[in-house]
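Good morning, and thank you for coming. I would like to take you through one structure, moving from a single strand out to the contact between two chains.

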Amino acid sequence: MKILITNQWLILSIIEFAVIVYLFVQLRKTKRINPSDLEILKARKSDINMDDVMRDMHAAPALYKALSRACHPDRFAGNPLEPVANELFQEVQQNEHNFKQLEFLKTKIQEQLHIKIKA
Amino acid sequence: MWKYLYSIQDWFNDFSERRRLVRNFNLSARQAFVANQAPTLLEATISIGDSAYRHAFSKFMAGGFRIKALSGRPLARHEMVSISEVVLNNQELVRKLISLGWDTLEVHDNSGYNGIKYKLYDYSGIGGVLGFNQ
């Protein structure tokens, strides 16, 4: 009789343990992310280089000024390069606070407009 | 019950992530200042923020991302605007700030009484996620 009772409790505890394991596995499988929150969560995981932000803040204005002067369409009035200068000037204006992009544009301007920029 | 445990875990994760972002910002600002690349030393802190700018992910009593410029003189409005424009034009950074619970960007100097503040949500370019502005 005593052995039977022990066995019953043993079986019950095994069932309980199995239920706990099942629930735990289900919990791990359950998606905690709503599809609508994905955009926000992606942004949360993105790595931002603060050195780039500082460069955008302090180095970009001088470079922007130099580039916007260098490729200003008025400098190329009546020149066959005027449409190219116009396009580059617009690109420079769009990337006023993006130092990396401005550096790329600097080489592009030097190649396409055949001018040297001191900045 | 698990939901509450996860929310506690998320709260601690967010907190450490926010601290990390502020620390990285301050470290980069300090390095730029020491290397003579920046004319003023910037310092980011967490402030209360503006309750009128709150959104769905705002942190309670900690929704303000404050940038203090240690300029030694009152900054002109255009100088403060140029500092804030760099942050606001960096959409990735704005989104990260929003996702970590910030709703207000504040820029001010260390000697003047004026500062400017922006509602971050307006510069995030997120459409249809928060929803209530449509």
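Before the first pair of residues, a definition is needed: two strands are said to pair if DSSP finds at least two bridges between them. Please also keep in mind that this is a predicted model.

With that in hand, consider strands β3 and β4 of chain B. Strand β4 covers residues 115–119 of chain B, and five bridges join it to β3(B), the two running antiparallel. Within this pairing, Glu106(B) stands opposite Lys117(B) in β4(B). The connection from β3(B) to β4(B) is a hairpin, made through five residues.

Let us turn to the other neighbour of β3(B). Strand β2 of chain B, residues 64–70, pairs with β3(B) in the parallel sense, over six bridges. Here Ile67(B) is found opposite Val107(B) of β3(B). Strand β2(B) also pairs with β1(B), this time in the antiparallel sense and over seven bridges. In that pairing, Ser47(B) has Gly64(B) of β2(B) as its bridge partner.

We may now assemble the sheet. In what order do the four strands of the open sheet in chain B lie? The order is β1-β2-β3-β4, and the pairing is mixed. Strands β1 (41–47) and β4 of chain B are the edge strands, each pairing on one side only. From one strand to the next, the twist averages 20°.

Next, I would like to examine one residue of the sheet. Val107(B) lies in strand β3, residues 104–109 of chain B. Is Val107(B) buried or exposed? The cut-off for a buried residue is 20 or more other C-beta atoms within 10 Å of its own. Val107(B) has 24 C-beta neighbours inside 10 Å, and therefore counts as buried. Leaving aside residues up to four places away in sequence, Val107(B) touches Ile67(B), Met80(B), Ile83(B), Ser84(B), Gly115(B) and Ile116(B). Ile67(B), its opposite number in the pairing, is thus among these contacts. Thr40(B) is 67 residues from Val107(B) along the chain, and their C-alpha atoms are separated by 13 Å. As for the strand as a whole, β3(B) is largely enclosed by the rest of the structure, because five of its six residues are buried.

Let us step back to chain B as a whole. Chain B has three helices and four strands, and along the sequence they follow the pattern α-β-β-α-α-β-β. Of the 134 residues in chain B, 34% are buried. Among contacts between residues at least 6 apart in sequence, 60% join residues at least 24 apart. The C-alpha atoms of chain B fill a box of roughly 50 × 30 × 25 Å along the principal axes. The radius of gyration of chain B is 16 Å, which agrees with the value near 14 Å for a compact globule of 134 residues.

Finally, the contact between the chains. How many residues does each chain give to this contact? Chain B gives 24 residues and chain A gives 19 residues. On the side of chain B that touches chain A, α1 (2–34), α2 (77–89) and α3 (91–99) of chain B each supply at least two residues. The largest share, seven residues, comes from α1(B). By class, this side of chain B holds 13 nonpolar, seven polar and four charged residues.

Technical notes: Residues are numbered from 1 along each chain as its sequence is written. Chains are lettered from A and ligands numbered from 1 in the order in which they are written. This is a predicted model: local features need pLDDT of at least 70, side-chain atom pairs count only at pLDDT 80 or more; totals for chains, interfaces and linings use all residues. Two residues are in contact if their C-beta atoms, placed from the backbone, lie within 7 Å. Ala, Val, Leu, Ile, Met, Phe, Trp, Tyr, Cys and Pro count as nonpolar, Asp, Glu, Lys and Arg as charged, and the others, Gly among them, as polar. A residue is buried if 20 or more other C-beta atoms lie within 10 Å of its own, exposed if 12 or fewer, and partly exposed in between; C-beta atoms are placed from the backbone. The radius of gyration is taken over C-alpha atoms; the globule rule is 2.2 Å times the number of residues to the power 0.38. Axes are lines fitted to C-alpha atoms, for helices over the stretch in contact, and angles run from 0 to 180 degrees between N-to-C directions.
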